[in-house]
Every structure is written in structure tokens, then in C-alpha cells.
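Work through the exercises below with the model open. Try each task before you read its solution.

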Amino acid sequence: MGFFLTILTLVVALGFTWRYLGSYMAAVFDGRVHFLGFIERPIYRMLGTSPEQEQTWKRYAGALIIFSAVSIAFTYVILRIQGSLPLNPQNQGNVGSALSFNTSVSFVTNTNWQNYGGETTMSYFSQIGALTVQQFVSPAVGIAVAIAMVRGFARRNSATIGNFWVDITRCLFYILLPIAFIAGIIFVGDGAVQTLAGTITFHDALNGVIQTIPRGPIGFMEAIKQLGTNGGGFLDQNSATPFENPTGLTNFLSIFLLLCIPFALTYTFGKMVGSVRHGATLLAAMVILFGVWVGFTANAEHQNNPAVAAAHVYSPVGNMEGKEVRFGDTTTALFGVSSTMTSTGSADASYDSFTPIGGLGLMSGMMLGEIAPGGTGSGLYTMLVYAIIAVFIGGLMIGRTPEYLGKKIQAREIKLAGLAALVMPITVLIVTAVAVSLAVGRAGPENLGPHGFSEILYGLTSQGNNNGSAFGGLTGNTPFYNIIGGIDMLLGRFAIMIPVLAIGGSLAAKNVVPESLGTFRTDNGMFVGLVIGVILIIGGLTFFPAISLGPIVEQLSHLRFF
Amino acid sequence: MLVHLRRSVVMAVICLVFFGFIYAFAGTGVAQALFPFHANGSMTKNGSLLIGQNWSSPKWFHGRPDDTGPYAANAKNNVAGGDNPLVANGSHGESAATNLGPRSLTLKENTIALVKYWHKLGVNPTIDLVTTSGSGYDPDISAIDATVQIPMVSNATGISPASLRTLIAQQTHSAEWGFLGSSYIDVLQLNEGLAKLEK
């Protein structure tokens, strides 16, 4: 009963933000919101740019790549020299080079894969100045790319698709900062920690225990961690720890924050292209996939854990291994699906201890390319790539040149869309094959049997999709996993963004074909079905063999333990 | 190219200032002003309400397991993780889960060892009492987890089962807003209540 009320509240809250945050974001990127002009204008002056200076897609992509490279360098340097920087009450040493590389790539690509335990590795300076900063910047970059692509559909005969610097500045100050700050206050008001005072030690006279507890500026990092679909927490066990996620209310707020922008961007898209109905069509496809995944994953987690049941302890409340009492089984599954079908990757439980089908729900949510609703920005542009492919397939079936929103989809766009859709599966499957072929790769998993393979597959799928969640048993802090994971994350981010921007540029240059009776409709239930079909066929078929070696074998090996 | 590079460096510095320092310092200031108790870790004189402790004596209600406690009964399978490193006297460590998979032989054996451990204490364990949490220091148990421990606590302290049942009912927090998450009991608060009953 509680679970259904949770879902109902979530639907109402997200419906509200879909409509109003969606149209607000459209206004922000159209340049109709100015209340922070006194901050915005000096920034443009310092950058030597202005909203009137529009960029071609190539210049837009160039600015994005160089800014990302500089961000990686900044993050890397801070981690490498944190021992000599201030705000380090626990005297954490400098972070090693392979781990710094992996971590800086991870936060700049919106992945937030963590091969370290935050409380034993990072100084407050690193958490604030390196990691939290990128938790703002990386979603802004993702949203900017999505908006630039949307402008490709919205504009006619245009050589330009916007200004990268203006787009990220507006996104940072008008969208991410205000929402994150308010959410941060709610997190702390409900129990999350926010202090710069370092650890605290006390002696409990009742049971004679002495505890030393790590603290830090956690609550406000938590807010942007969820809102920006980042997922990298202050503490090792992320949102499972009470200092990050103290109550059922903050848990719900986390789920809401990480879903609100990705869903609302479909409204922004509809508004900007002049057909909210088209936005609602994409939203419908996302909601259906998301609902199915929540359903079967929550059902799987409501079952007994096979290994615990084998010890003859049966659970009336589902699989509690690795879960927190205050969240419960089904809400934890909802959190997990929300986190893996966006590019968030935060975790309010140990995903490694999910039942085989529950773990499959998380893993396959990423394998579909994170489109339902996907990451901040990346969800919308990946969904649009699938919509273009669906339009193409629909066009083949009825024998007409495919069009989407009046723009002819031709060989160039299809090639780019094909590239964008295939980069992730190819990268993930190749790096997984490399990892299981090498002794250094096979040394990673903690669990034996099919679950060991699942740990490797999950880790590399997560990084290739810029998700960042993990089957935590994988020991990732080795030179091999740090480097192969870094490459995986870079390809999963930029090898998709660049073709997406190229599609935007190429569409912006086209004129609009007037709609006729024979035009293939892209705003009805039929198209929703077609898009879902394309996503399931591409994602499902490419990954099915790999999945069957992991979670499916695990589910079927009845009464066997490894 | 050079223009991009110059703008990138300027933008990176702007972001460091606004979204690193101003955001974190302003946030800390607001948090410390409005909610000092929460912002500093919900500390009471016996510890944080949000961090589980190792309650090993039968005079107290126990929390969920970790390997410095009940797993010690199964020394062979002391796994990395699954412990409560904050308990390890004085030295601070990481939050950690066992990360054992659903068909892990180790998880099965650990669970069997935990059942034996509880039986020795005269408790018929519920699911939460034989599984480790996601954080490794879950501060909470459910009302049923506390109820099954009544015979153990009653024998050790001499407090009647009826007053322990009343205490448990008083200490049970309902889910937030009645439906977000699950109802729970904070073990530290429960034991502080128990200490008052003993006086």
C-alpha cells in the first residue's frame, strides 16, 4: 500500500515538474529568463562572448571538447595535490595517478564511477572543489548538447545551433543552482550532515563502544548529486548511509530529483519545436519502459534472497541483504531502477546483493542506453537518436522518405544516428571481452560463478553508459580497471555527443517539408510502440548473449551456490 | 582553438568559485544556522542517532549484524566489508556492505552462522537480524526485530516483557508522511529508553 502511494506521489510531483520545469527550461534556453543578469553578463564579458555570437555545430563541439579536457585536467591536478591543499582535516594524502585519471574522467563525463571510498580518500577540498564542481558542470554540458540538438529540429536554414558558453552558463545559474540549493536545505533539515569540522569521536557509556565518525559537507553535495544525475556520493556506501540519505523522505526526494530534469526535458523539447504533443510522445515511450522496469525489479526484490532462504530464514519483507530498514525492499528497487535508467548511479543499497532478476533489472536499464528517462540531457538526445532510427524504419515500411518534425532524415543523419546508437554497445562488449580474457580483469570480482561475470559486465556497462553505479564486489582500484574504465567512460560520453551535435547541425541547415496526408505520423501511439520496439531490439539483442551468461544463468541455477 | 582554451580556463575558475566554494560554504552556513543538530551528525551523548553501534551484551537490544559482532561466530568467513568499521575502537573507516551475491556460498554460510548465534542468545531471528545492511551501520531495526529480542533482554535485565513491549511501541517511528519508506526503531534511542527503565 505504501509503495503505491509512493508511486502515486511521484507521478503527481513529476507531472507538475514536467509541465512547469519543462516550460521554464525552454524559456531559459530561449533567453527569456534574466533575473540573474547581474551574474550572467559579467561572466559573458570575462569569457569574451555573448548570446548573439552563435556557433556552428563544429565550433560548439570544439568548445565542448576543450572545456571538458580542461575540466579533467583541473580535477586531476586537485586530486594529485590535495595533500598540500587546505580543507583537509583528516590529512588525506595525494590520490594516485591511475585513480586520479579514472576519477577525473568519471566526474567530468557525468559518470561518477568511484574506485575509492570517499571518507578514506578525499579531502574536503577535493570533494568541494573538484567533485561537486563537476557535478554541476557535467549535467549542464549534457543539457546543452540536448538543447543544441533540439534547435536543429526547431530552426530552418540555420548555420548555427546556439552558443555553448551561454547555454551552460544559463543552465548552471538558472536551473541547477537554485533547485540544488533548496534541495540541499531539505536534505540537511531531515538529518543529512553539513559541516567542515572533520571527524568526531565519542565514547558510548552504555555499551562501552568508542566510535570515530567521518563527517563533511555532505547534504548539499547530495542535492546536486541527484539533481544532476551524477550519483557520486561523499561516503563510500553512497545513499545507503544515513548521513547522506537519513530518512524515507530524503530517499523519496532523491528519486524525485534524479528523475525531474530528464522527464521535463521532453516538454522543453516539445515547446521548442512547437509541438508539445511530440514531447509527450517521447515521454510516453519513456514512462512505459520505466514502469515495466520498476514493476519487475520491485517484484524480484520482494522475493526471498536465495542464499538467505537456503539458511531457512524466510522473509515477509523481501530481500533485505544489503538493504536499509528505513527504506524497505520495493522502494529500494524503485530507487535502483530510477538511478540506473537515468545516468545517476547513486545507490541506497548494495546492488550486488539484489536477487538475480533484480540485478538484471538494474543492468538492463543501463543497457537500453539510458533513455527512460536517461541522464540530464543525455537521456533526451539518446531518445531522439532512437526516434530518428524509428522514423527511418517506419519510412522503409511505408516506402516514403522519412521525416521527423518536417525535417527530411537522409543518409547523413541515419549514419550519424546509427553511429551514436552503436558506440555504447560495441565499446561495452569489447572492454568486457578484454577484461574477462585477461588475468588482471578476472582478478576483479569478489563473487564466484556467474555473479562474478555479472560484476565485470555491470561495472563496464555502467561506465560505458556514464551511469556510475556498481556491483560493489568488483575491485576496481587497479591500474587495469582504472584505465580501461576511463577509456570506456570517455567513449560512452563524447563518441555519442559529437555525432549528436553533427545531427543537430545538419538538421538546422534544412528547410521544413510541409506536412501532407501521406506523412508518417510521429506523435501518436503507433510511434510510441515503434520507438519502444527499436530500443528493445537494439538494446535487447546486442546484450542478450552477455546477460544470459550472468543474471539469467544465476537465476536458473536452482539450489546451487558458488 | 586558443579562444576555446582561454574561455575554458576562465569558465573552470568561475565554476570552482561558484559551484565549489560559494555553494559549499553558503550551504554550510545556512545548514549550521537552521539545523545545527542535524548538520553536525545528530549527536547525542551516547553517539549519533544515525550510525549503528555494536550492541553485544544481552542487556541491550541489538542492531543488525556486522562482522565485528555476530560474524565473529563464523571466523572462517570473515569477509572484507560487511563490518562496522566505525566500531573498531578509535580508528575510522569506510561504510561498507558485504556485496555478496544472491547465490553466494559465503552468504549462505554466514547466514547459518548468524542463525546459530541468535539461537545461543535465545532469540528466533527475523530477516533483518541475519542480513547486513547497505551502509554496514544501519542504525535501525523494525518493530518485529525488537519484539523477538524481548525474551533475551527480559532475562538479562529482569524487566517484564510487558513493559518492554510498551517501550518498543513507544519507540516505533512510522514511515515518513505515513508511507515513504518503512516504519523503524532507532536502536540507540531504544536502548536509551531501556536504560531509563532500569533505573
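**Exercise 1. Find the residue at the centre of the kink in α6(A), and give its angle.**

Solution. Start with the size of the helix in this predicted model. Helix α6 of chain A covers residues 124-154, which is 31 residues. Helices here are DSSP runs of H or I with at least four residues; strands are runs of E with at least two, and both are numbered from the N terminus. From first C-alpha to last, α6(A) reaches 44 Å, close to the 45 Å expected at 1.5 Å a residue. The expected span is 1.5 Å times one less than the number of residues. Now look for the bend. The kink is centred on Gln134(A) and is about 30 degrees. A bend is the angle between two fitted axes, one for the seven residues ending at a residue and one for the seven starting there.

Numbering runs from 1 along each chain as its sequence is written, with chains lettered from A and ligands numbered from 1 in written order. As the model is predicted, local features need pLDDT of at least 70 and side-chain atom pairs count only at pLDDT 80 or more, while totals for chains, interfaces and linings use all residues.

**Exercise 2. Why is α6(A) described as largely enclosed?**

Solution. Apply the burial rule. A residue is buried with 20 or more other C-beta atoms within 10 Å of its own, exposed with 12 or fewer, and partly exposed in between; the C-beta atoms are placed from the backbone. Then count. In α6(A), 31 of the 31 residues are buried, so the rest of the structure largely encloses this helix.

**Exercise 3. Describe how β1(A) and β2(A) pair.**

Solution. Locate the strands: β1 is residues 200-204 and β2 is residues 209-213 of chain A. They run antiparallel and share five bridges. Pairing requires at least two DSSP bridges. Pick one facing pair: His203(A) is opposite Ile210(A). Finish with the turn. Four residues separate the strands of this hairpin, and there Gly208(A) has a positive phi near 75 degrees.

**Exercise 4. Is Asn110(A) buried or exposed, and is Asn157(A) buried or exposed?**

Solution. Recall the background: most residues other than glycine have a negative phi, and most peptide bonds are trans. Asn110(A) has a positive phi, near 65 degrees. Its place is the loop between α4 (97-108) and α5 (118-121) of chain A. Asn110(A) is buried, because it has 32 C-beta neighbours inside 10 Å. Next, Asn157(A). Its phi is positive too, about 50 degrees. Asn157(A) sits in the loop between α6 and α7 (164-189) of chain A. It is exposed, because 9 other C-beta atoms lie within 10 Å.

**Exercise 5. Which two residues does the cis peptide bond join?**

Solution. The bond joins Ala372(A) and Pro373(A), with omega about 0 degrees. Pro373(A) belongs to the loop between α13 (356-367) and α14 (378-398) of chain A.

**Exercise 6. How many residues does each chain bring to the contact?**

Solution. Chain A gives 104 residues and chain B gives 87. Contact means C-beta atoms, placed from the backbone, within 7 Å. Sort the chain A side: 52 nonpolar, 39 polar and 13 charged. Ala, Val, Leu, Ile, Met, Phe, Trp, Tyr, Cys and Pro count as nonpolar; Asp, Glu, Lys and Arg as charged; the others, Gly among them, as polar. The model scores ipTM 0.95 and pTM 0.95.

Methods. Two residues are in contact if their C-beta atoms, placed from the backbone, lie within 7 Å.
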